[in-house]
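Q: Please take a close look at one part of this protein: the packing of its helices. Describe it in one connected account for someone new to structures.

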Amino acid sequence: YKFACDEEIVYRYKLDKGKKVDVKELEDIAEEDNFIKGKNYAFRIIEKSYKTKSQVIDKLMSRGYDENNINKIMSLLEEYNLIDDNVYVKAYIKDNLSKQGKMKLLSNLKSKGIKEDIIQSELKNIDDISLEEAAYSAAEKKYMQLKKRETDSFKITQKLSTFLLSRGYDYEIIKRVSRR
């Protein structure tokens, strides 16, 4: 017994008990086995939830996979459309638009390792009316909470503005929502 490897490798290299393997072939086997294990790990990562390219690379690196294998794994995932940052950004914005403004969306997506130009191209597609409606809806819920504890309308307006700022809405939208 020298080492364990995937059964795909055993079949491909026709490995049998007692077969002599030279050092070069052994290195190739180890390299391919490492690739298969990394590929399988990447599949497990993305089957739980959709991930960005950067997130998958980080997880593979944390497991100790070398750069060559990571590049091959990422090429495979992209070839089969299992990972696509453009699709991830569209889905993330669609899921979170009702809860976050553009600034918060940008910040969260950048923290996931997505390039800013990809994010900006999708954020341009969001119209101000949708953002204003989402901000108004969030402000309305917050207003109902604040109204129970606060009687001063100036303080309520101030707290609502701070709340909307923390959600990533810009000043223009906050002004328009405050006037409603």
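**Helix packing**

A: α5 and α6 cross in a right-handed way (the near helix is turned clockwise from the far one by less than a right angle; anticlockwise would be left-handed). The model is predicted, so local features need pLDDT of at least 70 and side-chain atom pairs pLDDT 80 or more, while totals for chains, interfaces and linings use all residues. Residues are numbered from 1 along each chain as its sequence is written, and side-chain values use heavy atoms, without hydrogens or water.

Helix α5 covers residues 85–96 and helix α6 covers residues 102–111 (helices are DSSP runs of H or I, at least four residues, numbered from the N terminus). Their axes lie 11 Å apart at an angle of about 140° (axes are lines fitted to C-alpha atoms over the stretch in contact, and angles run from 0 to 180 degrees between N-to-C directions). That angle makes α5 oblique to α6 (neither under 35 degrees, nor over 145, nor 65 to 115). On the α5 side, Y88, V89, Y92, I93 and N96 meet L105, N108 and L109 of α6 (contact means heavy atoms within 4.5 Å). This contact holds 6 nonpolar, 2 polar and no charged residues (nonpolar are Ala, Val, Leu, Ile, Met, Phe, Trp, Tyr, Cys and Pro; charged are Asp, Glu, Lys and Arg; the others, Gly among them, are polar).

Another pair is α2 (residues 23–48) and α4 (residues 67–79), packed at about 50° with axes 9 Å apart. This makes α2 oblique to α4. Their crossing is right-handed. From α2 the contact takes in E31, N34, F35, G38, K39, A42, F43 and I46, and from α4 it takes in N68, N69, K72, I73, L76 and L77. By class, the contact of α2 with α4 has 7 nonpolar, 4 polar and 3 charged residues.

Next come α9 and α10, whose axes are 10 Å apart at an angle of about 145°. Here too the crossing is right-handed. S161, L164 and L165 of α9 touch Y171, I174, V177 and S178 of α10. This contact comprises 5 nonpolar, 2 polar and no charged residues.

α9 and α10, together with α8 (128–149), each supply at least two lining residues of the second largest pocket. α9 (153–166) gives the largest share of that lining, 5 residues. Lining residues include Y136, E140, I156, L164, V177 and R180. The lining as a whole has 7 nonpolar, 3 polar and 2 charged residues.

Definitions and conventions
1 Å grid on protein atoms, 1.4 Å probe; cavity = no way out; pocket = protein on both sides within 12 Å on 5 of 7 lines; lining within 4 Å.
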